[in-house]
Amino acid sequence: MKTKNTLDYITNRGCSIKTEKYIVEEGIQYVIGEPSRVAYTNSMSGRADLERDYPDYYNALVMTVWGDTPTVIDEEE
């Protein structure tokens, strides 16, 4: 079984990454189950979560759009 991640949407305030599991049989790709999505806000904690979950390609791609400064302030608990 293989996993495919897709940058589902991105704005200056957040992004969503969709994950699908699939198999390939006789050249045809079959999705297994429902896709899952994880949303990240352009905040200090959202950026840290994105870096932890996707340290390479997707993190670099998102940071290209978001830039160096968060646009969302984390809520204090």
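Where is the place of Gly33? Gly33 sits in strand S3, and the close-ups below work outwards from the sheet to the helices. This is a predicted model, in which local features need pLDDT of at least 70, side-chain atom pairs count only at pLDDT 80 or more, and totals for chains, interfaces and linings use all residues. Residues are numbered from 1 along each chain as its sequence is written, and side-chain values use heavy atoms, with hydrogens and water left out.

**View 1. The sheet is an open one of three strands, in the order S1-S2-S3.** Strands here are DSSP runs of E with at least two residues, helices are DSSP runs of H or I with at least four, and both are numbered from the N terminus. The pairing is antiparallel, and two strands pair if DSSP finds at least two bridges between them. S1 and S3 stand at the edges with a single partner strand each, so one side of each has no neighbour in the sheet. From one strand to the next, the twist averages 20°. Angles like this run from 0 to 180 degrees between N-to-C directions, and axes are lines fitted to C-alpha atoms, for helices over the stretch in contact. As a general point, side chains in a regular strand alternate between the two faces of the sheet.

**View 2. S1 meets S2 through a hairpin with three residues between the strands.** S1 and S2 pair in the antiparallel sense over eight bridges. One spot to zoom in on is Thr6, whose bridge partner in S2 is Lys18. Lys4 lies in S1, which covers residues 2–10. Lys4 counts as partly exposed because its relative accessibility is 33%; the cut-offs are under 20% relative accessible area for buried, over 50% for exposed, and partly exposed in between (1.4 Å probe, protein chains only). Leaving aside neighbours within four places in sequence, Lys4 is in contact with Lys18, Thr19, Glu20, Tyr22 and Gln29, where contact means heavy atoms within 4.5 Å. Lys4 and Val31 are 27 residues apart in sequence, with 9.8 Å from C-alpha to C-alpha.

**View 3. S2 and S3 make a hairpin with two residues between them.** Eleven bridges join these antiparallel strands. For landmarks along S3, look for Tyr40 opposite Cys15, Thr41 opposite Gly14 and Gln29 opposite Val24. Glu26 is found in the loop between S2 and S3. Phi of Glu26 is near 50°, a positive value in a residue other than glycine. Glu26 is also exposed, with a relative accessible area of 77%. Back in S3, Gly33 counts as exposed at 54% relative accessibility. The C-alpha atoms of Gly33 and Asp74 are separated by 33 Å, with their positions 41 residues apart along the chain.

**View 4. Both helices meet the sheet.** H1 packs on the sheet, where it touches S2 and S3, and its direction makes about 150° with that of S3. H2 lies across S1, S2 and S3 and runs at about 5° to S1.

**View 5. H1 has a buried face made of Gly46, Arg47 and Leu50.** Seen down the axis of H1, these buried residues fall within an arc of 100°, so they line one face of the helix; the arc is that of the directions from the helix axis to the C-beta atoms. What covers them includes strand S2 (14–25), strand S3 (28–41) and H2. Flip to the other side of H1 and you find Met44 and Arg52, which are exposed.

**View 6. H1 (residues 44–53) and H2 (residues 57–66) have axes that come within 9 Å.** Two packed helices are described by the angle between their axes and the distance between the axes. Here the axes cross at roughly 155°. That makes H1 roughly antiparallel to H2, given that angles under 35 degrees count as roughly parallel, over 145 as roughly antiparallel, 65 to 115 as roughly perpendicular and the rest as oblique. H1 brings Arg47, Leu50 and Glu51 to the contact, while H2 brings Asn59, Val62, Met63 and Trp66. By class, that's four nonpolar, one polar and two charged residues. The nonpolar class takes in Ala, Val, Leu, Ile, Met, Phe, Trp, Tyr, Cys and Pro, the charged class Asp, Glu, Lys and Arg, and the polar class the others, Gly among them.
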